[in-house]
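This briefing concerns pockets and aromatic rings in one protein model. Please look at the sequence and the structure before reading the points that follow.

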Amino acid sequence: MYLLEKNETLYLQMVELSKVTGLPIISIHPRCSWFQHKNVENFKGVGPSEFIWLMHHAEYVGTNSFHGTVFSAIFSKKIVFATHKTLGDRNQNLMSLFHFNSIDDGSTFDFANADQTEIREFIEKSKKFLLDAIYNKSK
């Protein structure tokens with residue numbers, strides 16, 4: 001799980017998935033202290049490369065984070081999604097880009113079933129945006 005705020009609905013959905021699949025629940029957050037549950041192993045001090053590795057190797061990603069959602073799409077992961085109370089619009093917009101329009105907290109989506117062409121186009125547009133920002137190119 002990668003949560004930027006507490007979300008009990010998402011947590012309970014992840015616990016149910018863990019029971020069904022037998023997979024462990026791992027939480028990666030820089031301040032894991034606010035998220036203490038007996039069913040969750042907290043990884044502290046996770047840097048960018050460890051974050052990417054964990055996202056790439058996860059079976060499911062539980063998140064209310066834009067970046068958690070983006071990397072779930074990039075790596076074609078199953079995602080248990082929740083809306084962040086104040087940052088939710090970015091996630092909702094991102095999910096709708098891939099035609100996941102009926103979104104409630106705790107909803108599960110499989111990016112492997114999304115249109116991979118659209119995801120690749122999104123990645124290329126994002127790369128261009130980042131390179132333009134880095135090199136101060138005007139649009």
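Which helices and strands each supply at least two residues of the lining of the largest pocket? They are helix 1 (8-21), strand 1 (25-28), helix 2 (48-57) and strand 3 (60-63). Helices (H or I, at least four residues) and strands (E, at least two) are DSSP runs, numbered from the N terminus. The model is predicted: local features need pLDDT of at least 70, side-chain atom pairs count only at pLDDT 80 or more, and totals for chains, interfaces and linings use all residues. Residues are numbered from 1 along each chain as its sequence is written, and side-chain values use heavy atoms, with hydrogens and water left out.

**The largest pocket**

- A pocket is an open set of points on a 1 Å grid over the protein atoms alone, where a 1.4 Å probe fits, with protein on both sides within 12 Å along at least five of seven lines; lining residues have an atom within 4 Å of a point.
- The volume of the largest pocket, meaning the space filled by probe spheres set on the points, is about 400 Å³.
- Its lining has 20 residues, and Pro24, Ile26, Ala58, Glu59 and Tyr60 lie nearest the centre.
- By class, this lining holds 15 nonpolar, four polar and one charged residues; Ala, Val, Leu, Ile, Met, Phe, Trp, Tyr, Cys and Pro count as nonpolar, Asp, Glu, Lys and Arg as charged, and the others, Gly among them, as polar.

**The second largest pocket**

- The second largest pocket has about 260 Å³ of space, and its lining residues include Phe66, Phe122 and Lys127.
- Helix 5 (116-134) and helix 3 (66-74) are the elements that give two or more residues to this lining, and helix 5 contributes the largest share, six residues.
- Seven nonpolar, one polar and one charged residues make up the lining of the second largest pocket.

**Aromatic rings**

- The structure holds three aromatic pairs, where rings of Phe, Tyr and Trp (its six-membered ring) pair if their centres lie within 6.5 Å; planes under 30 degrees apart count as stacked, over 60 as edge-to-face and the rest as tilted.
- Phe51 and Phe71 form an edge-to-face pair, 5.8 Å centre to centre with 80° between the planes.
- This pair links distant parts of the chain, since Phe51 lies in helix 2 and Phe71 in helix 3, 20 residues apart.
- Phe71 and Phe75 are stacked, at 6.1 Å centre to centre and 25° between the planes.
- Ring pairs link Tyr2, Phe51, Phe71 and Phe75 into a cluster.
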